[in-house]
Amino acid sequence: MQPESEPNPEPGKATRIIHNRRHKDSLGSPYSPVYNTTTYRFADTASLQNVIEGRMPGNLYTRWGSNPTIRELEQGLASLEDADDALAFASGMAAISATLFAHGRNGIVCIGDLYGGTQELLTKHLQPLGIPVTFLLQNECEQLASALNVPGMLVYCETPANPTLGILDIRKLAQQAHSGDALLAVDNTFASPVNQRPLALGADFSIHSATKFLGGHSDLTAGAVMASADHIRPIAQWRKNLGQILAPETAALLSRSLRTLPVRVRQHNENAMAVARAMQNHPAIKRVLYPGLPDFPGHSLASQQMEGFGGVLTLELNGGREKAAKVADSLKVFLLATSLGGVESLVSQPCATSHHGISREERERRGITDGMLRLSIGLEDAKDLIADLNQALGQL
Ligand code: PLP
């Protein structure tokens, strides 16, 4: 008897992202051409009107997001997190600000540590516009229900958070947000869609600085939001009128990067774990903050909601700002630079870079100390990264 043929399995993420293309060309290129255009010619006014009034599909003007290269990127971004739809932006901050304007006007409740730029946007721009913003520490989640005092608010968080790598329970936060008639947005930049899919855990928005792991080579600035089509629509309006679209050339470069995302992130995870383990018992280090270490406070939660622990870790040195600066200055393989998620390893001191705009008291309240060094672990040989850290720590 002939064996029954296997049903066609659903293609995996790596397969989908490599074969994500909307346009086949007559030359047989495996990838779509880049539509480096701002506008589109119509045969007659009636056709233009059909498109502008939504009766016919078609492209009008790239700032509105209607560009085949950008739409192809967005299709790829959506498929990475099994989302209905996605929007691409000129930066991570553009993605965050458009989402907050579109869905946060009734009030925003932030939980845990946030990227310094997001914190600045909330306190220096959105609060003065009259948007109510509440900040809860990671261990104050029980105050969420009372903070959600108006229907239609937005709960906003990062997990793992910058730079403490604090882990929040996305499933629980989504339940709490929804029972308070609010939506939940998660900045998923540190994890990347390979390690964590907030929408699958109940969140309503997954936001990325695509400048980081999605781009992966420190050569482009971009952002992304993944969500349901209904939640995406108002964000697209804000993106259009704030003029936050990215260039088609950047979209093509980012689509190129997405094709290697799964393999890159797996290696980032592996290298970061090796470095975290090697630094754990170093006498110059007080604490290694990395969700993959069994004694890290968020480890068991991270193991449940993440498929990998990511490429970022923070070392807290015995000593303050000067000692941390000395180690950073002595590193030879790690580059002293802000940002993360590229193929090259980077070191930065949060109090001097990502969290420079936040007062010292607020940093201390959040446990962000002057002796911290944030490491973005790249794709070099892990043994070389460990040797570099050992030689720099040896200078103290
Ligand atoms: N979210 C996180 C967690 C970040 O680390 C950053 C930048 O460092 C951003 C958002 C902002 O991204 P961009 O610099 O692409 O605007």
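Select strands E9 (residues 312-317) and E12 in this predicted model. The two run antiparallel and are joined by five bridges. To check the register, pick leucine 313, whose bridge partner in E12 is leucine 375. Then pick glutamate 316, which stands opposite methionine 372 in E12.

Next, keep E12 and add strand E11 (residues 346-348). E11 and E12 also pair in the antiparallel sense, here over three bridges. Leucine 346 is the residue to show, as it stands opposite serine 376 in E12.

Now widen the selection to the whole sheet. It is an open sheet of five strands, in the order E8-E9-E12-E11-E10, and the pairing is mixed. Which strands stand at the edges? They are strand E8 (285-289) and strand E10 (335-336). Each has a single partner strand, so one side of each has no neighbour in the sheet.

Return to E12 and colour its residues by burial. Five of the five residues of this strand (residues 372-376) are buried, so the rest of the structure largely encloses it. Turn on the side chains to see the two directions. Met372, Arg374 and Ser376 point one way, while Leu373 and Leu375 point the other way. Side chains in a regular strand alternate between the two faces of the sheet. In E12, the residues pointing either way are all buried, Arg374 among them.

Leave the sheet and select the ligand. The shell around the ligand holds 14 residues, and the closest are Met93, Asp187, Ser209, Thr211 and Lys212. By type, the shell divides into five nonpolar, six polar and three charged residues. Helix H4 (residues 92-103) gives the largest share of the shell, three residues.

Three distances to oxygen atoms of the ligand can be drawn here. Which part of glycine 92 lies 2.9 Å from an oxygen atom of the ligand? For glycine 92 it is a backbone N or O atom. For serine 209 it is a polar side-chain atom, at 2.8 Å from an oxygen atom of the ligand. Lysine 212 likewise places a polar side-chain atom 2.9 Å from an oxygen atom of the ligand. On its own the ligand has 400 Å² of accessible area, and the protein covers 90% of that.

From the ligand, follow helix H4 (residues 92-103) to an aromatic contact. The count of aromatic pairs comes to one. Its members are phenylalanine 101 and tryptophan 238, with ring centres 4.7 Å apart and planes at 10°, so the pair is stacked. The pair links distant parts of the chain: phenylalanine 101 is in helix H4, tryptophan 238 is in helix H9 (residues 229-242), and the two are 137 residues apart.

Are the two rings' residues buried or partly exposed? Phenylalanine 101 counts as buried, because its relative accessibility is 17% and the cut-off is under 20%. Tryptophan 238, with a relative accessible area of 27%, is partly exposed.

Last, select arginine 71 in helix H3 (residues 68-80). Arginine 71 has 26% relative accessibility and so counts as partly exposed. Add glycine 28 and draw the line from C-alpha to C-alpha: the distance to arginine 71 is 21 Å in space, and the two are 43 residues apart in sequence.

Methods: Residues are numbered from 1 along each chain as its sequence is written. This is a predicted model: local features need pLDDT of at least 70, side-chain atom pairs count only at pLDDT 80 or more; totals for chains, interfaces and linings use all residues. Side-chain values use heavy atoms; hydrogens and water are left out. A residue is near a molecule or strand if one of its heavy atoms lies within 4 Å of it. A polar contact is a pair of N or O atoms within 3.5 Å; within protein, one must be able to donate a hydrogen and the other to accept it, and residues adjacent in sequence count only if both atoms are side-chain atoms. Accessible areas come from the Shrake-Rupley method with a 1.4 Å probe; for residues, only the protein chains shown count as cover. Helices (H or I, at least four residues) and strands (E, at least two) are DSSP runs, numbered from the N terminus. Ala, Val, Leu, Ile, Met, Phe, Trp, Tyr, Cys and Pro count as nonpolar, Asp, Glu, Lys and Arg as charged, and the others, Gly among them, as polar. Buried means under 20% relative accessible area, exposed over 50%, partly exposed in between (1.4 Å probe, protein chains only). Two strands pair if DSSP finds at least two bridges between them. Rings of Phe, Tyr and Trp (its six-membered ring) pair if their centres lie within 6.5 Å; planes under 30 degrees apart count as stacked, over 60 as edge-to-face and the rest as tilted.
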